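Let's take a walk through this chain, starting with the overall picture and then settling on one strand and its neighbours. Keep the 3D view open as you read.

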Amino acid sequence: DLANIFDLPGIDALIRGSILDSIRGIMVTPEKYIVKMTDEADIFQLKYPTPKGVIRVHILEAANLIEADPKFMGMGGGSDPFTIVSVGKVQQYQTKVISHNLNPVWDESFDVAIYDLATPFIDFEVFDHDNVGKRDKIGKASIQVASVYERAVVDDWLRLSGVKTGSIHVRMEWFDLTNNP
């Protein structure tokens, strides 16, 4: 009967989501599972490849975010937004929390190493910070790594998906690496 607990609404989805996230974490680019098959292979270079370039990601601001905090007797409401920037499961960066603001200005930058131009997306997830350790998702936006590489500089307002209103202003710059000091 203990296994019946997994049939409760939400528990099944939570478990499936955790399993899928774990599988994606080891199977989706830019993550790799390295197996040395010949003695000639340089395992160090396979495990720690030289990046193709670096994308400097500027999280500038957001506008018209939803109110993630509930109002109680006409008080409260608003959001305490922060953004998580991620490339795959390995590289994640987080902005500071801006309290009680639906139009926050972060003006923060992160350098993201890109090891493979086939890496599909840079994801921007905006959350509402709650003091009880919980965070509510406000919205998500993505941009293709190849688009940043081709354009060299991208300065756009990205519409947040999954919500009625809200967008995030990002600027990204591609930098090639060189061996010349």
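**From the surface inwards**

Start on the outside: the accessible surface of the chain comes to about 11800 Å², and carbon and sulfur atoms account for 55% of that. Bear in mind that you're looking at a predicted model. As for what is tucked away, 34% of the 181 residues count as buried.

Now trace the fold. The chain has 3 helices and 10 strands. Begin at the N terminus and you'll meet two helices, then a run of eight strands, then another helix, and finally two more strands. How do the contacts spread along the sequence? Take the contacts between residues at least 6 apart in sequence: 57% of them join residues at least 24 apart.

Next, zoom in on strand β7, which spans residues 121–129. Is this strand mostly covered or mostly open? Mostly covered, as it turns out: 7 of the 9 residues in β7 are buried.

So which strands does β7 pair with? One partner is β4, residues 81–87. The two strands pair in the antiparallel sense, over 6 bridges. To find your place in this pairing, look for V85, whose bridge partner in β7 is F124.

Another partner of β7 is β8, residues 135–144. Here too the strands run antiparallel, with 9 bridges joining them. A handy landmark is H129, which stands opposite R135 in β8.

While you're looking at strands, a general point helps: in a regular strand, side chains alternate between the two faces of the sheet. With that in mind, go back to β7 and its 7 buried residues, and follow the strand along in the viewer.

Terms used. Residues are numbered from 1 along each chain as its sequence is written. This is a predicted model: local features need pLDDT of at least 70, side-chain atom pairs count only at pLDDT 80 or more; totals for chains, interfaces and linings use all residues. Side-chain values use heavy atoms; hydrogens and water are left out. Helices (H or I, at least four residues) and strands (E, at least two) are DSSP runs, numbered from the N terminus. Buried means under 20% relative accessible area, exposed over 50%, partly exposed in between (1.4 Å probe, protein chains only). Contact means heavy atoms within 4.5 Å. Accessible areas come from the Shrake-Rupley method with a 1.4 Å probe; for residues, only the protein chains shown count as cover. Two strands pair if DSSP finds at least two bridges between them.
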